[in-house]
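Student: I would like to go through this model by asking what each label rests on. Please set the values against the cut-offs as we go.

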Amino acid sequence: MPNVKSRPAFLDTEKGKEIRRKFQRMTDDDSYNTASSYSANRLLYPDNLMPFVDKHMGYLVDHPLLDPDIYMANVRLATRLR
């Protein structure tokens, strides 16, 4: 089980980089709905649009007890266009 204090470093791990690549591949694939989301943070997102990858990587960082592979599978199911 991941350590809560070390989770922000998740983005720099091999697993974090692998999950980011998978999310990026989803955005490149037209069979997934990967539209950007609204963000009120104009400093990070001047156009108020948070990219799909940033949104989900941020969620994984904010929820350190979540298994990244299971989360990834659920996001794929939820965003798959039929």
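Tutor: Start with the elements: helices are DSSP runs of H or I of at least four residues, strands are runs of E of at least two, and both are numbered from the N terminus. With that, L81 can be placed in the segment after helix 3. Note that the model is predicted.

Student: What makes up the protein chain, and in which order do the elements run?

Tutor: The protein chain has 3 helices and 2 strands. Read from the N terminus, the order is α-β-β-α-α. The C-alpha atoms fill a box of roughly 35 × 35 × 20 Å along the principal axes.

Student: Why is L81 called partly exposed?

Tutor: Its relative accessible area is 47%. Buried requires under 20% and exposed requires over 50%, so a value in between is partly exposed. Beyond its neighbours within four places in sequence, L81 is in contact with D30, S31, Y32 and N33. L81 and S37 are 44 residues apart in sequence, with 17 Å between their C-alpha atoms.

Student: Why are helix 1 and helix 3 described as roughly parallel?

Tutor: Their axes cross at roughly 5° and come within 11 Å. Angles under 35 degrees count as roughly parallel, and helix 1 and helix 3 are therefore given that label.

Student: Which residues make that contact between helix 1 and helix 3?

Tutor: K15, I19, K22, F23 and M26 of helix 1 meet P68, D69, Y71, M72, V75, R76 and T79 of helix 3. By class, this contact has 7 nonpolar, 1 polar and 4 charged residues.

Student: What makes helix 2 oblique to helix 3?

Tutor: The axes of helix 2 and helix 3 cross at roughly 140° and come within 11 Å. Roughly parallel needs under 35 degrees, roughly antiparallel over 145, and roughly perpendicular 65 to 115; the rest is oblique. The angle of roughly 140° fits none of the named ranges, so helix 2 is oblique to helix 3. The crossing is right-handed. The contact is made by F52, H56, Y59 and L60 of helix 2 with P68, Y71, V75 and T79 of helix 3. Its residues divide into 6 nonpolar, 2 polar and no charged.

Student: How do helix 1 and helix 2 cross, and at what angle?

Tutor: The axes of helix 1, residues 14-28, and helix 2, residues 52-62, come within 9 Å and cross at roughly 145°. This crossing is right-handed. G16, I19, R20, F23, Q24, M26 and T27 of helix 1 meet F52, V53, D54, H56, M57 and L60 of helix 2. The contact comprises 7 nonpolar, 4 polar and 2 charged residues.

Student: How do you know that H56 is buried?

Tutor: H56 has a relative accessible area of 9%. Buried means under 20%, so H56 meets the cut-off. H56 is in helix 2. Leaving aside neighbours within four places in sequence, H56 is in contact with F23, Y71 and V75.

Student: Why does T34 count as buried?

Tutor: The relative accessibility of T34 is 17%. Set against the limit of under 20%, that makes T34 buried. T34 is found in the loop between helix 1 and strand 1, and its contacts beyond four places in sequence are M26, T27 and F52.

Student: Why is N48 called buried?

Tutor: N48 has 12% relative accessibility, and the cut-off for buried is under 20%. N48 is therefore buried. N48 sits in the loop between strand 1 and strand 2. Its phi is near 65°, a positive value in a residue other than glycine.

Student: What makes a set of residues a nonpolar core, and which residues form the largest one?

Tutor: The members must be buried residues of the nonpolar types listed for a core, joined through side-chain atoms within 4.5 Å. The largest such core has 12 residues: F10, I19, F23, M26, Y32, F52, V53, M57, L60, Y71, M72 and V75. Helix 1, helix 2 and helix 3 each give two or more residues to this core. The largest share, 4 residues, comes from helix 2.

Student: Where does F23 make contact beyond its neighbours in sequence?

Tutor: F23 is in contact with F52, V53, H56, M57, L60, Y71, M72 and V75.

Technical notes: Residues are numbered from 1 along each chain as its sequence is written. This is a predicted model: local features need pLDDT of at least 70, side-chain atom pairs count only at pLDDT 80 or more; totals for chains, interfaces and linings use all residues. Side-chain values use heavy atoms; hydrogens and water are left out. Axes are lines fitted to C-alpha atoms, for helices over the stretch in contact, and angles run from 0 to 180 degrees between N-to-C directions. A crossing is left-handed if the near helix is turned anticlockwise from the far one by less than a right angle, and right-handed if clockwise. Contact means heavy atoms within 4.5 Å. Ala, Val, Leu, Ile, Met, Phe, Trp, Tyr, Cys and Pro count as nonpolar, Asp, Glu, Lys and Arg as charged, and the others, Gly among them, as polar. Buried means under 20% relative accessible area, exposed over 50%, partly exposed in between (1.4 Å probe, protein chains only).
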